[in-house]
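Dear colleague,

I am passing on a structure that I would like you to look through when you have time. My notes on what was found in it follow below.

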Amino acid sequence: MAESAALTRPWPRRRFLAALGAVAAVPAAAQFRVEIAGVGATQVPVVVADFRGEAVAGVALAAIVRADLQRSGLFRASPADQPLDETSRLDLGDWRSRGADAVVGGSVTRLADGRFDVRFRLWDAVRNQELLGQSKLVLGADLRLAAHRVADEIHEKLTGERGVYATRIAYVVRAGRRFTLHVTDADGEGGQVALASPEPIISPAWSPDGRRLAYVSFESQKAVVWVQDLGTGQRRMVASFRGSNSAPAWSPDGERLAVTLSQDGLSQIYTMPAAGGAPVRLMRSSGIDTEAVWAPDGRSLYFVSDRGGGPQVYRVAASGSPVERITFDGSYNVSPAISPDGSLLAYVTRRAGAFKLMTLELSGGSPQALTDTQHDESPSFAPNGRLLVYATRAQGSDVLMTTTLDGRIKTRLLSSGADMREPAWGPFGR
Amino acid sequence: MNKQPRTLWTLAATLVAFTVVLAGCETTQLDEPTAAPVETRAAGGAGAGAAGGAGAAAAGTPQSGVTTVDLASQGAAGAGAATAAPSQRIVYFDFDSFVIKDEYKVMLDGHAKVLMANRGKRMAVEGHADERGSREYNLALGQKRAEAVARSLQLLGVGEQQIEAVSFGEERPAVQGSDEAAWAGNRRAELKDR
């Protein structure tokens with residue numbers, strides 16, 4: 001409630017301070033917490049000792065690493081009961097007998113040039129061997145990021161799959177008549193505001209290099225597509241044609257955007273250079289075509305069309321034909337998202353008045369429901385394809401959640417009471 | 001060390017090198033448990049840091065930085081306030097419908113007459129949808145409603161350039177709430193002076 005309370009103050013006189021306040025308030029207010037633990041899931045017990053020197057550095061590195069591993073549902077992470085760092089000589093047999101499968105020790109040191117040296121070592125207590133030892137030199141502002149990268153290294157070494165702890169999630173917050181586009185670490189913390197506006201913002205989409213967001217802003221009293229560089233704040237209006245301009249999606253090579261334009265009288269899908277330029281109509285239909293997303297190989301796009309009556313998900317070749325219908329169950333299927341390997345479709349279906357997050361194997365399969373909530377929206381895949389983030393409603397507010405693809409482990413982004421929506425999971429890079 | 005084949009090590013090394021490039025932070029492998037880096041408490045000091053030797057001082061761009069753009073402080077235009085003209089300016093639609101009901105014909109005729117009498121006058125038709133379902137699909141639904149109203153004005157003789165059909169989807173509800181009454185009050189198209 002702290003954030004919304006702060007925003008109900010008469011802020012117009014002090015707008016700038018309020019914006020800064022919102023930036024500062026978010027990290028403390030938001031965090032993804034595990035809500036439903038997987039039944040019978042085996043979790044690898046990992047001990048992560050507090051990093052030597054982290055109190056001086058001012059960032060609780062080991063706590064971030066432990067929380068990351070814990071949140072994946074794959075690990076049970078705990079602190080060490082004795083001081084430990086990457087130089088320690090461990091009796092791994094002893095750790096094993098005390099229930100640890102893996103042990104992590106590390107340190108952080110401030111260097112003369114102001115950067116920090118984050119070092120850690122990962123030991124396998126079961127096989128009695130060292131698995132990993134690394135040093136990362138980072139700026140003070142990137143210490144949280146360094147902790148997430150340490151967690152990613154541990155995750156990959158222990159599971160063989162890339163972790164997504166160092167990735168980011170963009171989403172939109174509405175508090176009264178104020179709309180903010182947020183970018184947070186994948187754990188929901190370290191949140192920063194990319195755009196604050198008195199008008200709605202929807203449909204953020206990450207560039208493949210993770211440095212820019214395309215989104216739709218209504219600041220000019222109509223829907224216009226913008227692209228903003230996150231580091232510099234520089235932004236460019238890329239689609240502001242007659243009528244509405246919306247639903248931006250990046251091509252996998254980052255060169256083009258697919259957008260929905262109504263300049264010819266119907267909402268239709270076009271592609272255009274990501275830096276702005278002439279739009280090219282992808283295909284022609286007699287109904288609404290929108291919500292395009294590219295397949296990861298760039299050869300086709302998935303989109304929503306009501307050409308057959310109600311809205312359904314279709315696929316079209318990047319050349320504009322042929323077009324093929326993908327969803328058949330139910331009369332309302334929208335908001336397609338494609339897994340990074342191109343094999344799985346996530347979307348939202350309306351069923352008996354409820355809106356449910358579904359997945360569908362594109363090679364053939366039946367739709368699978370992943371949630372027991374009623375107002376699911378906007379699914380987006382994590383770049384390793386193992387998790388989805390989506391928006392839903394709980395206790396009267398719009399909230400963000402993540403789920404594993406089997407629906408067993410969910411986390412919820414704890415908020416300060418403001419409505420959160422339109423999540424988009426960023427790529428590995430930044 | 002362990003018994004992983006050499007090719008795997010090479011691959012791992014390549015991956016690590018790749019990660020370093022991508023990450024922009026310098027990551028090095030620790031071979032043996034070595035002495036911890038020397039902690040430097042004093043600021044300043046021209047001497048190079050204990051580790052790295054990258055030369056680049058604290059200069060560099062944090063990869064965690066996001067610059068805030070605040071449109072409120074830039075004085076973005078507020079909601080367009082409607083001035084007095086034909087008093088009725090809202091067309092309501094049935095669920096999942098884009099059909100303009102007969103009861104709005106007189107009102108649209110009145111707006112068309114004003115626009116035709118003043119060819120320099122411009123209006124926006126803002127379409128809206130109720131809150132249920134996808135925001136982008138609702139934006140397209142609102143657009144379809146706005147286009148229906150714009151087309152009917154054009155059929156009455158209004159110039160195409162005098163009218164722009166736009167949509168706010170579900171983003172600007174006229175009635176708050178999640179019941180049939182609220183939804184019905186939000187499925188609409190509004191005529192606004194430009």
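In which loop of chain A does Pro322(A) lie? Please keep in mind throughout that this is a predicted model. Pro322(A) belongs to the loop that runs between strand E20 (312-317) and strand E21 (323-325) of chain A, and the peptide bond that leads into this proline from Ser321(A) is cis, its omega being near 5°. A second backbone feature of chain A concerns Ser378(A), which has a positive phi of about 55° although it is not a glycine, and which is found within strand E26.

Strand E26 (377-381) also takes part in the second largest pocket, where it is one of the elements that each supply at least two residues of the lining. The others in chain A are strand E10 (201-206), strand E14 (245-250), strand E18 (289-294), strand E22 (333-338) and strand E30 (419-425), and they are joined by H3 of chain B. The pocket has a volume of about 1200 Å³, and of the 45 residues that line it, Trp206(A), Val293(A), Ile338(A), Ser380(A) and Trp425(A) lie nearest its centre. By class, the lining is made up of 29 nonpolar, 11 polar and five charged residues.

Helix H3 (residues 135-155) of chain B has a helix partner in its own chain, namely H2 (residues 105-117), and the two axes come within 9 Å and cross at roughly 60°. Since angles from 65 to 115 degrees count as roughly perpendicular and those under 35 degrees as roughly parallel, H2(B) and H3(B) are therefore oblique to each other. The crossing in which H2(B) passes H3(B) is right-handed. On the H2(B) side the contact involves Leu108(B), His111(B) and Ala112(B), which meet Val149(B), Ser152(B) and Leu153(B) of H3(B); sorted by class, this contact of H2(B) with H3(B) has four nonpolar and two polar residues, and no charged ones.

In chain A, helix H4 (residues 61-71) packs with helix H6 (residues 143-159) at an angle of about 45°, their axes being 9 Å apart, and that makes H4(A) oblique to H6(A). Here too H4(A) passes H6(A) in a right-handed crossing. Leu61(A), Ile64(A), Val65(A), Asp68(A) and Leu69(A) of H4(A) meet a set of H6(A) residues that includes Leu143(A), Arg144(A), Ala147(A) and His148(A), with Val150(A), Ala151(A), Ile154(A) and His155(A) also among them. The contact of H4(A) with H6(A) comprises nine nonpolar, two polar and two charged residues.

With best regards

Terms used: Residues are numbered from 1 along each chain as its sequence is written. Chains are lettered from A and ligands numbered from 1 in the order in which they are written. This is a predicted model: local features need pLDDT of at least 70, side-chain atom pairs count only at pLDDT 80 or more; totals for chains, interfaces and linings use all residues. Side-chain values use heavy atoms; hydrogens and water are left out. Axes are lines fitted to C-alpha atoms, for helices over the stretch in contact, and angles run from 0 to 180 degrees between N-to-C directions. Helices (H or I, at least four residues) and strands (E, at least two) are DSSP runs, numbered from the N terminus. Angles under 35 degrees count as roughly parallel, over 145 as roughly antiparallel, 65 to 115 as roughly perpendicular and the rest as oblique. A crossing is left-handed if the near helix is turned anticlockwise from the far one by less than a right angle, and right-handed if clockwise. Contact means heavy atoms within 4.5 Å. Ala, Val, Leu, Ile, Met, Phe, Trp, Tyr, Cys and Pro count as nonpolar, Asp, Glu, Lys and Arg as charged, and the others, Gly among them, as polar. On a 1 Å grid over the protein atoms alone, a cavity is a set of points where a 1.4 Å probe fits but cannot get out, and a pocket is an open set with protein on both sides within 12 Å along at least five of seven lines; lining residues have an atom within 4 Å of a point. Grid points are joined across faces, edges and corners, and a volume is the space filled by probe spheres set on the points.
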